[in-house]
Amino acid sequence: MVLKVLGIAGSPRRHGNTEELLDSALDGARIQGAATEKLVLLDMKFSGCICPESEDCQPTGQCSVMDDMQSLYPKLRAADLLFLASPICFRSVSAQTKALIDRCQALWVTKYLLKRPVSDSGRMRPGLFISVSDREDPKEFHGAILTVRSFFISLNVLYKAELLFMNIEKKGDVFKHPTALEKAFETGAKLVEKATATTQ
Ligand SMILES: Cc1cc2nc3c(=O)[nH]c(=O)nc-3n(C[C@H](O)[C@H](O)[C@H](O)COP(=O)(O)O)c2cc1C
């Protein structure tokens, strides 16, 4: 069985540090035989949640806002592994990433209110969080980790691994880091290797 890895690039800039790390992790996943897809939130057009106005998703688990998120829901359900990459922005995830997370309220409703499966496999899926901060302080990541953990669990994704690098600010800084890209490659490969072993 070929495992499907969905990678989400949540940076407010294209080909930034977190997207490069995500690319390496997806390269590693492919080496282990996974089928990978990368979605770049910046290239998609979607709003944040407007649920409090409509509460449409409550009875159905379906979001009624017709934008690019509609093509993402089936991909989130189909993924066997999820890699989420976002830089730290104001000690949280980026606005693009947070908009995606809030729009997954429909899946939260599906899981917790409707008690229906949120993944096609019905299983827990391994998740990887990739982030960078420009400040040299591990506390910069705390808010984002809480948010991502809460997002992952709503989608039946286990917070299995994280790649967090400090002192990375300008586009391309990640290439100056001695081990970051290599570590991302190894982590992507390892996660798929382990997931393959548990699905056989
Ligand atoms: C809007 C915004 C807010 C940011 N807030 C923080 C922050 O709170 N703490 C921090 O360490 N870095 C912060 N940064 C710096 C980014 O995390 C850093 O530049 C990172 O390398 C960007 O990753 P990217 O290249 O993947 O976009 C912020 C950057 C932006 C654009």
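The following exchange concerns a ligand site and a pair of helices in a predicted model.

Me: What makes T18 a polar contact of the ligand?
Reply: An oxygen atom of the ligand is 2.5 Å from an N or O atom in the T18 side chain. A polar contact is a pair of N or O atoms within 3.5 Å, so T18 qualifies.

Me: How do you know that the backbone of D134 makes a polar contact with the ligand?
Reply: A polar backbone atom of D134 lies 3.1 Å from a ligand oxygen atom. For V132, the corresponding backbone distance is 3.4 Å. Both values fall within the limit of 3.5 Å, so both pairs count.

Me: Why is α1 called oblique to α8?
Reply: Helix α1 (residues 17-31) and helix α8 (residues 180-199) pack at about 40°, with axes 7 Å apart. Angles under 35 degrees count as roughly parallel, over 145 as roughly antiparallel, 65 to 115 as roughly perpendicular and the rest as oblique; therefore α1 is oblique to α8.

Residues are numbered from 1 along each chain. Local features need pLDDT of at least 70, side-chain atom pairs count only at pLDDT 80 or more, and side-chain values use heavy atoms, without hydrogens and water.

Methods
A polar contact is a pair of N or O atoms within 3.5 Å; within protein, one must be able to donate a hydrogen and the other to accept it, and residues adjacent in sequence count only if both atoms are side-chain atoms. Axes are lines fitted to C-alpha atoms, for helices over the stretch in contact, and angles run from 0 to 180 degrees between N-to-C directions. Helices (H or I, at least four residues) and strands (E, at least two) are DSSP runs, numbered from the N terminus.
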